[in-house]
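Visitor: I am new to this structure. Please take one part of it and go through that part closely.

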Amino acid sequence: MAKDSVLLDKTIHFAARIIKLNQYLCKEKHETIISKQIIRSATSIGANANEAIYGSSRADFLAKLHISLKETAETEYWIRLLVMSEYLSEAEGQSLLQDCLEIKRILIASINTAKENGDR
């Protein structure tokens with residue numbers, strides 16, 4: 001479970017960063033469409049990962065982690081779009097993207113480990 005607590009810690013900190021990004025986009029850039037999308041997907045990553053820990057079965061656990069992984073991919077898309085549309089600088093986008101990709105790697109490793117442990 002050590003990996004899970006690292007995952008939960010990283011996802012909640014990432015979600016807090018995205019909430020601050022949402023505030024910045026709305027107040028400074030007057031952008032509301034993409035900011036609503038990214039806040040929804042980014043906060044869902046940790047919510048589903050947290051819910052996975054309380055899953056009623058291995059299948060439920062894996063399903064929630066897969067949802068988290070899909071939300072991570074969507075969040076990655078929104079970050080890239082924000083940079084391409086110049087709502088974020090390259091450096092700001094890279095910092096967020098680095099965190100997002102780290103969470104993605106942890107999720108993939110967690111899913112693979114859970115699948116391997118289920119086959120034994």
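Guide: What follows is a walk along one helix and the contacts made from there.

This is a predicted model, in which local features need pLDDT of at least 70, side-chain atom pairs count only at pLDDT 80 or more, and totals for chains, interfaces and linings use all residues. Residues are numbered from 1 along each chain as its sequence is written, and side-chain values use heavy atoms, with hydrogens and water left out.

The part is helix 2, residues 33-53; helices are DSSP runs of H or I with at least four residues, numbered from the N terminus. Helix 2 has 21 residues and spans 32 Å from its first C-alpha to its last, close to the expected 30 Å at 1.5 Å a residue. That expected span is 1.5 Å times one less than the number of residues. At Ser44 helix 2 bends by about 25°, the bend being the angle between axes fitted to the seven residues ending there and the seven starting there.

Several residues of helix 2 are buried, among them Ile34, Ile38, Ser41, Ser44, Ile45 and Ala49. Buried means under 20% relative accessible area, exposed over 50%, and partly exposed in between, with a 1.4 Å probe and protein chains only. Ser41 counts as buried because its relative accessible area is 0%. The side chain of Ser41 reaches the backbone oxygen of Ile38 at 3.4 Å. Leaving aside residues up to four places away in sequence, Ser41 touches Glu71, Glu74, Thr75 and Trp78, where contact means heavy atoms within 4.5 Å.

Further along helix 2 there is a salt bridge, that is, a side-chain nitrogen of Lys or Arg within 4 Å of a carboxyl oxygen of Asp or Glu. The side chains of Glu51 and Lys64 form this bridge, at 3.0 Å from N to O. The pair links distant parts of the chain, with Glu51 in helix 2 and Lys64 in helix 3 (residues 58-84), 13 residues apart. Glu51 is partly exposed, at a relative accessible area of 41%, whereas Lys64 is buried, at 18%.

The whole structure holds seven salt bridges. Another one joins Lys104 and Glu76, at 3.1 Å from N to O. Lys104 lies in helix 4 (residues 90-118) and Glu76 in helix 3, so this pair ties together parts that are 28 residues apart in sequence. Salt bridges that share partners also join Arg40, Glu71 and Glu74 into one network.

How values were computed: Helices (H or I, at least four residues) and strands (E, at least two) are DSSP runs, numbered from the N terminus. A polar contact is a pair of N or O atoms within 3.5 Å; within protein, one must be able to donate a hydrogen and the other to accept it, and residues adjacent in sequence count only if both atoms are side-chain atoms.
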